[in-house]
Every structure is written in structure tokens, then in C-alpha cells.
Amino acid sequence: MSLLEVEGLRTGYGLLPVLQGLSFSVEEGTTAVLFGLNGAGKTTTVNAIAGLQPVWGGSITFDGQKISGQPATKIVERGVAISLEGRHVFPKLSVRKNLDLGAWTARKTAKQQLDLVFSYFPRLEERLDQMAGTLSGGEQQMLAIGRALMSKPRLLLIDEGSLGLSPKLAQTVFEVVSRINDDGTTVLLVEQNIGVLPYADQALVMEKGTLTFNGSGKELGESGDLRKTYLG
Ligand SMILES: Nc1ncnc2c1ncn2[C@@H]1O[C@H](COP(=O)(O)OP(=O)(O)O)[C@@H](O)[C@H]1O
Ligand SMILES: [Mg+2]
């Protein structure tokens, strides 16, 4: 049994279907990366897993239990957290308050998780009382990931964690994600930056709502498919 199993997932917006029977699974302890151009359906996929997008058909199973159809709050409690696309932080609230809000389903472990977040992102500890809106782009990305970690997830979804960051900062984010994975959290990343490939145990490529590749990161690196997708 895989930690995450997506089976025949269908969803979309209004009457417009985006995913028409998407299936893949992610093994516990691994890092999976979902690649694809803008509009491929990556965000729709991870939002559906997190319960933020209504599921029209098919199923999503986490740790052997069906999570599709459950409210997002229940899914967080089960152990799935998402760092949303666009670094959704609360700009008028302090870093501390932003992190605190991430722990609202997991109060008992909040202190322990806070220390863990500081170990990954020491910068956040230095800026605890600063308003989140005044952080740099990279720091806001760290905060968005840190906030997701506050619920002590077993599966961490990160949607476009490197978007808009310098190559150096993107690399830093990937390295921290790799540490988070080493510490036992399963990770599903949505990325358009192929610099993440060395960290990917599993690679998925999506085009127009369907998977065109599902294999190891190494296989994708050698296949030329990514090159074709991203460089024409
Ligand atoms: N809120 C929305 N309303 C209507 N269509 C949307 C909405 N969000 C995304 N879409 C459409 O769904 C498709 C997939 O989008 P998305 O999942 O955001 O792709 P990606 O994350 O891969 O860029 C696109 O055609 C996009 O235009
Ligand atoms: Mg997206």
C-alpha cells in the first residue's frame, strides 16, 4: 500500500473538466515531483488532495483511508498539509502568528514543531515579530512551508516552492525540503524548476490534465522528456 493513492481522479471548475481520470501513487518516505507547464493541472491536483478542490469522481486514499470528499480540516488532521501556490501568508500578521495558525489542528505538538521549523529555517526565528508582508520573497516561501509543517504532517504538499526565487535561493529551498524528507516526511512537490530533479525519487509529468510520465527522477533526467516539455 502506498501512503497516497490517487485513483481515477476527476475534477474541474464549473462545467469545465480539468482532470479526467488521473491516477498515481506516492510511497511513504519518498519525494515525488509533479512537473508540467502552466495550466497543466498541477495546482488542481494538489488542491484536490488537500481537500481544497471538490472531487467529482475517483478517489484519493491516504494511509489506507479515503480522504476525498472530506473537509480540508479533517484532511490536515489526518496528516496532509499544503504550502499553497503563491506563498499564501497573512501579510499583516507576524511571522509568529502565521506559524501559530498552522498549528491550530495540532496544538499539543506546536512547540516541538516550532523548534523543528526554526532548525530548517533559522531566518524565521530571527524575524518572529516581523509582519509577514515585509519579508522577502524567499523568506515568505520559507514561512509558507514552515506554516504547513506546524501541523506535523506525514505528507507535505508544496505547490511551486521555488517560483520567483533566485537559482541560489531555489536550491536552498530544495535542500531544506530534502532534509524534511530525510527526517521522515513524505513530500509531493509541484515544480517547474528542473533543478529539483536530483532530489526527486519519483517524477510525474502532467500535460493537459493527464500524466505523460511516471517514473523515477533518474529516468526522467535521462529520458529527454523534460527537455521536450520545457525547452520545446
Ligand atoms: N479558479 C479557476 N476557475 C476556472 N478555471 C481554472 C481555475 N483555476 C484553474 N483553472 C483552469 O484549470 C486548468 C489547470 O489549472 P492549474 O491546476 O492551476 O494548472 P497548473 O497549476 O499546472 O498551472 C487551467 O486550464 C486553468 O485555466
Ligand atoms: Mg499551479
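**Figure 1. The hairpin of strand 9 and strand 10 in a predicted model.** In strand 10, Leu 211 is the bridge partner of Met 206. Strand 9 (residues 202-207) and strand 10 run antiparallel and are joined by 6 bridges; two strands pair if DSSP finds at least two bridges between them. Strands (E, at least two residues) and helices (H or I, at least four) are DSSP runs, numbered from the N terminus. The hairpin has 2 residues between its strands, and Lys 208 takes a positive phi near 45°.

This is a predicted model, in which local features need pLDDT of at least 70 and side-chain atom pairs count only at pLDDT 80 or more, while totals for chains, interfaces and linings use all residues. Residues are numbered from 1 along each chain as its sequence is written, chains are lettered from A and ligands numbered from 1 in the order in which they are written, and side-chain values use heavy atoms, with hydrogens and water left out.

**Figure 2. The open sheet of 6 strands.** The strands follow the order 6-7-8-3-9-10, with mixed pairing. Strand 6 (80-83) and strand 10 (210-216) stand at the edges with a single partner strand each, so one side of each has no neighbour in the sheet. On average, neighbouring strands of this sheet are turned by 15° against each other, direction ignored. Axes here are lines fitted to C-alpha atoms, for helices over the stretch in contact, and angles run from 0 to 180 degrees between N-to-C directions.

**Figure 3. Strand 7 beside strand 8.** Strand 7 (residues 155-159) and strand 8 (residues 186-191) run parallel and are joined by 5 bridges. Ile 158 stands opposite Leu 189 in strand 8. Helix 7 (residues 167-182) packs on the sheet and touches strand 3 (31-35), strand 7 and strand 8, where contact means heavy atoms within 4.5 Å. The direction of helix 7 makes about 155° with that of strand 8.

**Figure 4. The open sheet of 4 strands.** Here the order is 2-1-4-5 and the pairing is antiparallel. Strand 2 (16-26) and strand 5 (65-66) each have a single partner strand and stand at the edges, so one side of each is left without a neighbour in the sheet. Strand 1 (residues 4-13) pairs with strand 2 over 8 bridges, and Glu 5 stands opposite Ser 25 in strand 2. Helix 1 lies across strand 1, strand 2 and strand 4 (57-62), at about 65° to strand 2.

**Figure 5. The surroundings of ligand 1.** Among the residues around ligand 1 are Tyr 13, Val 18, Leu 37 and Asn 38; a residue is near a molecule if one of its heavy atoms lies within 4 Å of it. Helix 1 (residues 42-49) gives the most to this shell, with 3 residues. Polar side-chain atoms lie 2.7 Å from an oxygen atom of ligand 1 in Lys 42, 2.8 Å in Thr 43 and 2.5 Å in Thr 44.

Definitions and conventions. Polar contact = N/O pair within 3.5 Å; in protein donor to acceptor, adjacent residues only side chain to side chain.
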